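Biologist: I've got some questions about how this fold is put together. Could you pull it up so we can go through it?

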Amino acid sequence: MAHEIKQHDGLILHKRAAWHGLGTIVEEAPTPMKALELAGLDWEPLESDSMFGTFADNDEGTPMKVACSTHKMLVRSDHPEVVLGIVGENYTPISNIELADLCYDLCEEWMKEHKTQVRCESAGSLFNGKKVWFLLQADPFEVAGHDGDVVHPYTLAFNGFDGLTSMSMMPTTVRVVCNNTLTAALRRGGSGIKIKHTTNVKQRLADAMRSLSSSTESLDGMRDEANAMGAAKIDAPTLQRLWLDVYQNLNGRVDEPNENSPSGVKQKYA
């Protein structure tokens with residue numbers, strides 16, 4: 001899968017480069033507002049009043065022009081030639097600065113609760129701005145009883161302008177640096193905030209900003225879950241069943257292994 005970082009996309013990364021070699025690397029993790037500027041996300045989605053289409057010549061030999069009032073076009077304020085999406089008349093976009101504001105409020109909430117800072121590990125856009133994200137990182141922690149097993153708890157703030165993508169904020173352990181990693185983070189994402197771009201989106205966004213405790217609790221939950229998994233003891237039969245379940249989920253059901261099977265495993269598929 002391609003990284004989908006196009007000509008008019010920006011990317012900021014904290015300390016570590018991405019696999020694709022793109023983006024600007026900074027030594028100090030920026031605040032959401034600084035990341036907005038560094039990643040070139042300080043543009044607005046502009047909405048058209050209506051849409052017009054020009055079609056092939058009609059019987060009279062003149063082009064036919066049709067107006068559409070049920071949909072509108074979204075473009076970038078800095079590059080109006082870039083179409084972000086064709087959306088319904090009731091679609092209300094959430095701008096990049098509003099998304100950064102939500103990230104800022106989360107950072108403030110975390111600071112009050114834990115006396116430590118949350119900063120941006122990465123921020124950027126894809127498909128020339130059709131998708132935008134901020135990846136916030138709290139302090140990493142080591143799993144109890146497992147020296148060197150370090151977990152990096154992130155909160156992903158994600159938005160899109162295609163008319164189908166909700167604004168969402170969710171916990172993840174995936175370092176988002178491109179479309180591949182964004183897709184992986186969204187597939188594995190846990191509970192969080194999700195807001196559709198409807199007519200009351202501004203009120204729902206304000207409500208979300210006032211109730212960010214669930215997002216900070218999700219970051220805390222990562223530590224508890226990691227420690228619980230680290231403390232779990234797995235015997236040989238349980239481990240064998242685990243790997244058999246994984247294999248069957250990927251490749252289909254197989255016969256149970258027995259002592260008469262070559263190398264302990266039957267090769268015949270059920």
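Modeller: Sure. One definition before we start: axes are lines fitted to C-alpha atoms, for helices over the stretch in contact, and angles run from 0 to 180 degrees between N-to-C directions. Keep in mind too that this is a predicted model.

Biologist: Got it. At about what angle does α3 run to β12?

Modeller: Helix α3 covers residues 179-188. This helix lies across β8, β9, β12 and β13. Taking β12 as the reference strand, α3 runs at about 110 degrees.

Biologist: Which strands do the buried residues of α3 pack against?

Modeller: The buried set in α3 is N179, T181, L182, A184 and A185. An α-helix has 3.6 residues a turn, so residues three or four places apart point the same way. The strands that the buried residues pack against are β8 (119-126), β9 (131-137), β12 (154-160) and β13 (167-172).

Biologist: Let's take A185 in α3. Is A185 buried or exposed?

Modeller: A185 touches L156, M170, T172, V174 and V176, leaving out residues up to four places away in sequence. T155 is 30 residues from A185 in sequence, and their C-alpha atoms are 10.0 Å apart. The cut-off for burial is under 20% relative accessible area. A185 sits at 0%, so A185 counts as buried.

Biologist: Now the sheet. Which are the edge strands?

Modeller: It's an open sheet of 7 strands with mixed pairing, in the order β2-β1-β8-β9-β12-β13-β14. An edge strand pairs on one side only, which leaves β2 (24-26) and β14 as the edges.

Biologist: And how much does the twist average from one strand to the next?

Modeller: We're still on the sheet ordered β2-β1-β8-β9-β12-β13-β14. From one strand to the next, the twist averages 20 degrees.

Biologist: In β8, what is the bridge partner of L13?

Modeller: Strand β1 (residues 11-14) runs antiparallel to β8, and 3 bridges join them. I12 has A123 as its bridge partner in β8. For L13, the partner in β8 is S122.

Biologist: How many bridges are there between β8 and β9?

Modeller: These two form a hairpin with 4 residues between them, and F127 in the turn has a positive phi of about 55 degrees. One of the pairs across the strands is R119 with Q137 in β9. The pairing of β8 and β9 is antiparallel, and the bridge count is 7.

Biologist: Why is β8 described as largely enclosed by the rest of the structure?

Modeller: In the sheet order, β8 comes between β1 and β9. Buried residues of α3 pack against β8 as well. It is called largely enclosed because, of its 8 residues, the number buried is 7.

Biologist: Over to H197. Which side chain does the side chain of H197 make a polar contact with?

Modeller: H197 is in the loop between β14 (193-195) and α4 (201-210), and at 7% relative accessibility this histidine counts as buried. Among the residues H197 touches are N90, Y91, N159 and M167. The polar contact, at 2.9 Å, is with the side chain of N159.

Biologist: Last one: E47. Which side chain makes a polar contact with that of E47?

Modeller: E47 is in strand β3 (residues 45-47) and is partly exposed, with a relative accessible area of 40%. M73 is 26 residues away along the chain, with a C-alpha separation from E47 of 5.8 Å. Contacts of E47 include K72, M73 and L74. The polar contact, at 2.5 Å, is with the side chain of K72.

Terms used. Residues numbered from 1 in each chain as written. Predicted model: local features only at pLDDT ≥ 70, side-chain atom pairs only at ≥ 80, totals over all residues. Heavy atoms only, no water. Buried < 20%, exposed > 50% of the residue type's maximum accessible area, 1.4 Å probe, protein only. Contact = heavy atoms within 4.5 Å. Polar contact = N/O pair within 3.5 Å; in protein donor to acceptor, adjacent residues only side chain to side chain. Pairing = 2+ DSSP bridges.
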